[in-house]
Amino acid sequence: MSDTAFNIDILVAHRGLQSRFPENTLLALKKAIDAGAQYIELDIQFSDDCLPIIYHDPDLQRVSAIEGNVWDYPRKELLDISAYEPQRLGNRFITETIAPLEALVDLLKENPQVTAFVELKEESIAHCGRDLMLERVMNILAPVKPQVVLISYDYCLVEAARKAQWGQVGVVLKQWQDLETDTVKNIGSDYIFVDHEKMPQQITGLDAIKGILVAYEVGDIALGKELINKGVSMLETFEIERLS
């Protein structure tokens, strides 16, 4: 780590290069890799026909400027909808459409040095159920399994991925104290993601945490250095260009 920035190998590009491109688009993911990212993160929701798309919100309004939720539409229709974040970016990227999860497979095959953290969003569980969500995601991502870490706020979903012998998994902590629960302990996560604002001022027992600790959302170098000094191993950021 230099005096002004971090080594790229400890940075995770949150939703791709989100600082300059619409989040979770194939464009944002490609641009993050072009910027040197070795780790990218993206979110997965599910359509009316329970097929995975790369998208964060269940609601389509913020990112796509249309009414309704993702599970109101079959995937075929969702893939024709823009994912351009008009409130933040105007109409500059209106031609960028929602991408299917399959697009990630091709991207990772083209970039074997890249690891993707694929977050399965909780909101789709009620619509599709954990088993079907996990089955479809694992089937699609099987060709690039060594490059994919499945993560979620839903601990039961992560536990199911571990039991299904997916290579690497990670929990996204709802609260720091969840590290002490039997559920989280028994998963044996390879990675543990946590909002830096939910971390205690003083971290104790860090040696007992077996997974790699990843803090988000880190927007500046000073905060990143403070977190690294606390014992965090990796930083997830919208600002990978500024932090690298």
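In this predicted model, L104 is in contact with I40, L42, A116, V118 and L141, once its neighbours within four places in sequence are left aside. L104 also belongs to the largest nonpolar core, a set of 69 residues in which I40, L104, V118, L141 and L150 have the most contacts. Helix α7, which covers residues 130-141, gives the most to this core, with six residues. A second core, separate from the one just described, has eleven residues, including Y39, F117, I151 and V214.

The interior can also be examined for empty space. Rolling a probe the size of a water molecule over the atoms shows where such space is left. How many cavities of 30 Å³ or more does a search of the whole structure find? The search finds one, and the volume of the largest cavity is about 40 Å³. Its lining is formed by L120, L134, L150, I151, S152, L157, V158 and A161, and the elements that give two or more residues to this lining are β6 (148-152) and α8 (155-163). Sorted by class, the lining of the largest cavity holds seven nonpolar residues and one polar residue, with no charged residues.

Strand β1, made of residues 11-14, is covered on both faces, with L11 and A13 buried on one side and V12 and H14 buried on the other. On the question of partners, β1 is joined by three bridges to strand β10 (residues 234-237), and the two run parallel; in this pairing V12 stands opposite E236. Three bridges also join β1 to strand β2 (residues 39-46), again in parallel, and here H14 stands opposite E41.

The backbone has some features that deserve a careful look, given that most residues other than glycine have a negative phi, and most peptide bonds are trans. Two residues other than glycine with a positive phi are set out below.

| Residue | Phi | Loop | Relative accessibility |
|---|---|---|---|
| N24 | near 60° | between β1 and α1 (26-34) | 3% |
| C50 | near 55° | between β2 and β3 (52-54) | 9% |

Are N24 and C50 buried or exposed? N24 counts as buried because its relative accessibility is 3%, under the cut-off of 20%, and C50, with a relative accessible area of 9%, is buried as well.

A further backbone feature concerns a peptide bond: the one from Y216 to E217 is cis, with omega near -15°. E217 has its place in the loop between β9 (212-216) and α10 (221-230).

Methods. Residues are numbered from 1 along each chain as its sequence is written. This is a predicted model: local features need pLDDT of at least 70, side-chain atom pairs count only at pLDDT 80 or more; totals for chains, interfaces and linings use all residues. Side-chain values use heavy atoms; hydrogens and water are left out. On a 1 Å grid over the protein atoms alone, a cavity is a set of points where a 1.4 Å probe fits but cannot get out, and a pocket is an open set with protein on both sides within 12 Å along at least five of seven lines; lining residues have an atom within 4 Å of a point. Grid points are joined across faces, edges and corners, and a volume is the space filled by probe spheres set on the points. Helices (H or I, at least four residues) and strands (E, at least two) are DSSP runs, numbered from the N terminus. Ala, Val, Leu, Ile, Met, Phe, Trp, Tyr, Cys and Pro count as nonpolar, Asp, Glu, Lys and Arg as charged, and the others, Gly among them, as polar. A nonpolar core is a set of buried Ala, Val, Leu, Ile, Met, Phe, Trp, Tyr and Cys residues joined through side-chain atoms within 4.5 Å. Buried means under 20% relative accessible area, exposed over 50%, partly exposed in between (1.4 Å probe, protein chains only). Contact means heavy atoms within 4.5 Å. Two strands pair if DSSP finds at least two bridges between them.
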